[in-house]
Amino acid sequence: MGLSIRDIIPRNEFEISELKGKIICVDAFNTLYQFLSSVRQMDGTPLQDEEGRITSHLSGLLYRNVALLSQGVKLVYVFDGKAPDLKAKTHKKRKEVKEQAKENYEVAKQEEDIAAMRKYSSQLVRLDDDMVRESKELLIAMGIAVVQAPSEGEAEASYLAKTKDEVYAVASQDYDSLLFGAPYLIQNLTLARKRKTPSGYVDVSTLLIKLEDVLEKLEINLDQLICLGILVGTDYNPKGIFRVGQKKALEIVKEFKTPEKIFESVKDKIEEMEEEDQFDWEVVFDLFKNHESLDVEFEFGEVDSEKIKEILVSRHGFSEERIDNQIVKLDKLREDKKQTGLGEFF
């Protein structure tokens, strides 16, 4: 779902070339879902191998990451661990959306409505354990670092960005990383300038969001930003407060200032909600403020060309010629890196 605060957040466009030499922690699940939703055929069905196994995510990981690595970006993919119990509400809502989308897709299929088929099929995305395992395999074979978070991937990525000087930013399409305290958030981390959506292609720009700028513009602190997010609705309380949008939430936060007073002011509204939508703001606040994280070390390994081909060509039937072309690019990067290293001795 993600946090809906787009309209009040300052963002700056910038070029991927500005990230050369910088380490970016990528919210892995967010990125994989993006590939599963967008890397599809004309009728909306995902890419599949001869055995019917979905490969959209693998294709996206290969081509996007080769392009980013070619720009000198250093990537660390952070994978989700066990989700907090409170996220069960979000999972339930997502399941309901998928069930409705499945019904709509079948109707569109019968009517041979390709546009509608594509629209609803993108809502049927499901990421299973095998997809996650193979994604990790492929990333490691490409020399990309992989980190397993104890809980939320965004929380761990944000923690690494906050605590490790060498990590520059978190890459995610969602804004939750800001509530977890990530100093920099990057959206649309891709060289592509257009993106497929259910309604067609849209222009995209890589965006940089600085937490410091957000707090300065909104004239609030991080605790207040977390409160604002809870009022609007997070993955832990998806309904938020009825009829409280992002601008209204900002007004409430600035008027009442402290978390206790902020939520005291909307106590009646919370109690009027359906029982399943009610929430304990202190529990949700603590999930953002004191999230579970690990102080892990990560390594950028060597490119394993044979493993890449085994996963993509032998296992899933990707075009060997196309994969070889990407491996050539990775090998060139490896050679350039060696030459740069040698140059340091002269």
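**Second largest pocket.** I looked up which elements line the second largest pocket of this predicted model. I found that α2, β3 and α15 (320–343) each supply at least two residues of its lining. I noted that the largest share, seven residues, comes from α15. The volume of this pocket is about 680 Å³. I listed 22 lining residues, and those nearest the centre are Leu69, Lys74, Leu333, Arg334 and Lys337. By residue class, I recorded eight nonpolar, seven polar and seven charged residues in this lining.

**Largest cavity.** I then searched the whole structure for enclosed space and found one cavity of 30 Å³ or more. About 100 Å³ of space lies in the largest cavity. Its lining comprises 16 residues, of which Val26, Thr31, Arg64, Ala171 and Leu189 are the closest to its centre. I asked which elements give two or more residues to this lining, and recorded α1 (28–38), α2 (56–70) and β3 (74–79). I classed the lining residues of this cavity as seven nonpolar, seven polar and two charged. I noted that α2 and β3 appear in the lining of the cavity and also in that of the second largest pocket.

**Helix α9.** I next examined α9 (residues 222–232) and asked how many of its residues are buried. Nine of the eleven are buried, so the helix is largely enclosed by the rest of the structure. I listed the buried residues as Gln224, Leu225, Ile226, Cys227, Leu228, Gly229, Ile230, Leu231 and Val232. I found that these buried residues pack against α7 (176–179), α8 (211–218), α10 (246–256), α11 (259–264) and α13 (281–289). I also inspected both ends of α9. At its start, a side-chain oxygen of Asn221 reaches to within 3.2 Å of the backbone nitrogen of Asp223. After the helix comes Gly233, for which I recorded a positive phi, near 125 degrees.

**Thr206.** I located Thr206 in the loop between β8 (200–203) and β9 (207–210). Is Thr206 buried or exposed? I count Thr206 as buried because its relative accessibility is 0%, and the cut-off for buried is under 20%. I then looked for a polar partner of the Thr206 side chain, and found the backbone oxygen of Asn188 at 2.9 Å from one of its polar atoms. Leaving aside neighbours within four places in sequence, I listed the contacts of Thr206 as Asn12, Glu13, Phe14, Ile16, Ile186, Gln187, Asn188, Thr190 and Arg193. Asn188 thus enters this entry twice, in the contact list and as the residue whose backbone oxygen lies 2.9 Å from the Thr206 side chain.

Definitions and conventions
Residues are numbered from 1 along each chain as its sequence is written. This is a predicted model: local features need pLDDT of at least 70, side-chain atom pairs count only at pLDDT 80 or more; totals for chains, interfaces and linings use all residues. Side-chain values use heavy atoms; hydrogens and water are left out. On a 1 Å grid over the protein atoms alone, a cavity is a set of points where a 1.4 Å probe fits but cannot get out, and a pocket is an open set with protein on both sides within 12 Å along at least five of seven lines; lining residues have an atom within 4 Å of a point. Grid points are joined across faces, edges and corners, and a volume is the space filled by probe spheres set on the points. Helices (H or I, at least four residues) and strands (E, at least two) are DSSP runs, numbered from the N terminus. Ala, Val, Leu, Ile, Met, Phe, Trp, Tyr, Cys and Pro count as nonpolar, Asp, Glu, Lys and Arg as charged, and the others, Gly among them, as polar. Buried means under 20% relative accessible area, exposed over 50%, partly exposed in between (1.4 Å probe, protein chains only). A polar contact is a pair of N or O atoms within 3.5 Å; within protein, one must be able to donate a hydrogen and the other to accept it, and residues adjacent in sequence count only if both atoms are side-chain atoms. Contact means heavy atoms within 4.5 Å.
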